[in-house]
Amino acid sequence: MALQTGEKSTKRMKNRIRKNKLFHTLFFGATALSLVILAMLFYRIISQGAGNLSWDFIKNFPAPYPDRAGIYAGLVGSLLLIAIVAVVSITIGVATAIYLEEYAKKNKLTSFIQSNIQNLAGVPSIVFGLLGLTFFVYILNFDFSLLSGGLTMSLLVLPIIVVAAQEAIRSVPNDLKEASYGMGATKWQTVLRVVIPAALPGMITGSILALSRAIGETAPLLVVGAATAIYALPDSIFGSYTAMPIQIYSWISKPGDEWPVVAATGIIILLIVLLIMNTIAALIRNKFQRRN
Amino acid sequence: MQNLKKFALLFSFILIIGVLAACGGSDEEEASNEETNKEETNANNGESNKDADLSGEIKLAGSSTVFPIMEYVTYEFVQENPGVNTPLESVGSGGGFERSTKGEIDFSNASRPIKEEEKALAEENGIELIETVLAYDGLSVVVSKENDFLEELTMEQLRDIFLSERGNTKWSDIDPSWPDEEIVIYSPGHDSGTFDYFNEVVLEEKPMREGEGVTLSEDDNLLVRGIQEDPYAIGFFGYAYYVANEDSLKVLAIDGGNGPVKPSGETIQDGTYSPLSRPLFTYINAESLKKPEVQAFTDFLLSGAAAEGAELVGYVPLPEEEYKSQLEALQAKYK
């Protein structure tokens with residue numbers, strides 16, 4: 001009798017170990033798969049485009065000839081757009097998150113707003129383009145300008161920033177806040193000196209991820225009038241502009257063998273900019289996390 | 001207190017990055033403008049160029065088919081007139097007319113003539129749009145080089161292949177001497193001007209086959225790749241894409257009633273590649289012709305640049321006299 005149960009339990013044990021191994025390989029496979037796809041993408045892009053990478057490519061405006069085409073207008077356009085998006089969407093986004101988390105009463109209206117913000121984060125980007133066209137271009141009369149493009153992109157990433165900032169604020173331990181109140185601090189003082197500093201790393205990560213999304217978007221920009229070919233930089237925030245993804249798309253869709261190479265080189269530059277942004281985010285986050 | 005300081009520091013850091021990006025941009029712009037200016041004066045030493053001090057903005061938008069021609073023309077124009085900015089948007093013929101009928105742009109590029117309702121809208125807004133033909137494009141029906149049973153098709157056979165109501169899914173359904181293999185179709189997406197044109201001339205607005213064996217894509221290079229590799233595939237796109245991939249594609253002669261004709265520079269230009277060749281347009285806002293930079297651009301466009309651009313990207317230029325007569329008609333309005 002005793003022997004039998006012993007045999008059974010070793011059998012069960014073996015079974016469990018086998019299952020454990022199975023899921024281990026399964027999950028490892030899932031991770032490996034996404035890494036392999038990423039590696040393939042990098043390999044393809046870099047093997048195709050690296051040879052074409054040169055200072056000229058960065059310094060040249062778009063051109064009808066593959067050997068003279070460059071990403072300068074797109075690069076500067078994208079950086080200017082991101083600067084506008086950063087200032088507008090981070091300011092408004094963080095303020096909204098603070099209001100919703102710290103000030104708003106927990107009632108039906110708030111939860112209605114809350115769920116709408118989450119829905120907005122999933123709205124297709126072209127819809128934001130149409131909104132930007134109606135509101136910024138026509139109603140506010142900003143014309144088809146850099147400012148219209150930047151503000152439209154700000155709307156696009158705003159929900160992402162709000163949600164990320166809210167998560168960051170929610171993860172601030174309650175003891176910290178209560179300690180602050182206990183010391184006689186007002187709500188504003190608590191928010192400013194306890195909540196925001198503690199939530200800062202999360203907010204920054206969320207914001208940079210949102211900006212990275214903005215730098216890769218094309219559809220809304222086409223709607224609000226970004227140029228596909230332009231040979232001058234915007235002279236003011238009301239000037240005409242273009243952006244990197246638009247340039248890349250235009251190169252990919254051209255006939256001829258040389259253009260995919262130019263497009264691949266453009267993608268490398270876009271990846272480098274993304275990498276720099278994410279590195280800055282990681283550095284800032286680490287700095288603040290260590291302090292906390 | 002320290003936290004507050006750090007926060008303020010971070011906030012100003014973000015602001016500074018923004019401002020720096022903005023300033024950096026405009027500084028470099030000035031520098032590059034100076035450079036091109038210098039080159040310009042060097043290039044024009046000894047030559048008199050009355051357009052050298054032109055400035056302002058010429059706005060162009062519209063068809064992605066016309067885009068490569070206009071990209072060439074604007075690029076070369078700006079080399080000679082660096083003070084002029086020429087933002088060129090590729091938003092489709094309809095997208096271009098949406099802007100031009102409101103008077104927002106100077107040149108509206110189109111791969112089809114303006115529609116009645118667009119014309120009415122322009123009139124309502126008091127805008128006159130002057131039609132100008134830039135070049136011809138021959139819609140090319142192609143198969144893979146490996147295809148050994150097709151050389152030519154009649155319009156009726158094209159309909160047999162592409163129309164869903166004919167119900168043919170295998171090549172042998174249409175002609176028993178053709179192989180017993182599935183027909184694989186590659187077509188530009190329904191939003192493109194190229195599809196519009198095919199829809200009007202070949203399909204006569206009846207629905208095209210869909211679903212299995214049919215690939216739609218806005219990316220013409222994807223269509224090229226699909227057809228190259230499959231001996232039983234067929235597709236269509238602009239002549240430029242055929243020219244760029246001549247060694248792996250076979251273009252079919254089309255019989256529009258007067259015997260089979262293959263698209264080529266000559267047959268497209270003289271109209272014998274009918275009915276699948278089409279004119280490419282730009283519509284000029286008559287009001288814009290009052291601006292000196294638009295006048296200079298129009299002169300430049302029609303005295304050689306449009307033809308060179310068409311040639312460069314694989315379209316077919318008009319006979320020289322036609323550019324000339326169009327230019328004279330336009331110049332009558334401002335000279």
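Student: How many residues do chain B and chain A each give to the contact?

Tutor: This is a predicted model, in which local features need pLDDT of at least 70 and side-chain atom pairs count only at pLDDT 80 or more, while totals for chains, interfaces and linings use all residues. Residues are numbered from 1 along each chain as its sequence is written, and chains are lettered from A and ligands numbered from 1 in the order in which they are written. Two residues are in contact if their C-beta atoms, placed from the backbone, lie within 7 Å. Counted that way, the contact takes 35 residues from chain B and 29 residues from chain A.

Student: Which element of chain B supplies the largest share of the side that touches chain A?

Tutor: Helices (H or I, at least four residues) and strands (E, at least two) are DSSP runs, numbered from the N terminus. On the side of chain B that touches chain A, at least two residues each come from α1 (2–43), α2 (67–80), β4 (88–90), α8 (220–228) and α9 (239–244). The largest share, 12 residues, comes from α1(B).

Student: How many residues of each class are on that side of chain B?

Tutor: Ala, Val, Leu, Ile, Met, Phe, Trp, Tyr, Cys and Pro count as nonpolar, Asp, Glu, Lys and Arg as charged, and the others, Gly among them, as polar. By these classes, the side of chain B that touches chain A has 19 nonpolar, 9 polar and 7 charged residues.

Student: What separates the centres of the two domains of chain A?

Tutor: Domain bounds come from an automatic or database domain assignment. For chain A the assignment gives domain 1 (2–52) and domain 2 (57–291). In contact are 6 residues of domain 1 of chain A and 8 residues of domain 2 of chain A. Taken over C-alpha atoms, the centres of these domains are separated by 35 Å.

Student: And what separates the domain centres in chain B?

Tutor: Chain B is assigned domain 1 (55–136 + 279–335) and domain 2 (140–275). Contact between them involves 12 residues of domain 1 of chain B and 13 residues of domain 2 of chain B. Over C-alpha atoms, their centres are separated by 30 Å.

Student: Why is α5(A) described as it is relative to α6(A), and what is the word?

Tutor: Axes are lines fitted to C-alpha atoms, for helices over the stretch in contact, and angles run from 0 to 180 degrees between N-to-C directions. The axes of α5 (residues 125–139) and α6 (residues 146–170) of chain A come within 9 Å and cross at roughly 135 degrees. Angles under 35 degrees count as roughly parallel, over 145 as roughly antiparallel, 65 to 115 as roughly perpendicular and the rest as oblique. That crossing therefore makes α5(A), relative to α6(A), oblique.

Student: Is V195(A) buried or exposed?

Tutor: V195(A) is in helix α8 (residues 187–216) of chain A. A residue is buried if 20 or more other C-beta atoms lie within 10 Å of its own, exposed if 12 or fewer, and partly exposed in between, with C-beta atoms placed from the backbone. Because V195(A) has 20 other C-beta atoms within 10 Å, V195(A) is buried.

Student: Where does F238(A) count, by its C-beta neighbours?

Tutor: F238(A) is in the loop between α9 (219–223) and α10 (244–252) of chain A. Leaving aside neighbours within four places in sequence, F238(A) is in contact with D143(A), S145(A) and L147(A). Because F238(A) has 13 C-beta neighbours inside 10 Å, F238(A) counts as partly exposed.
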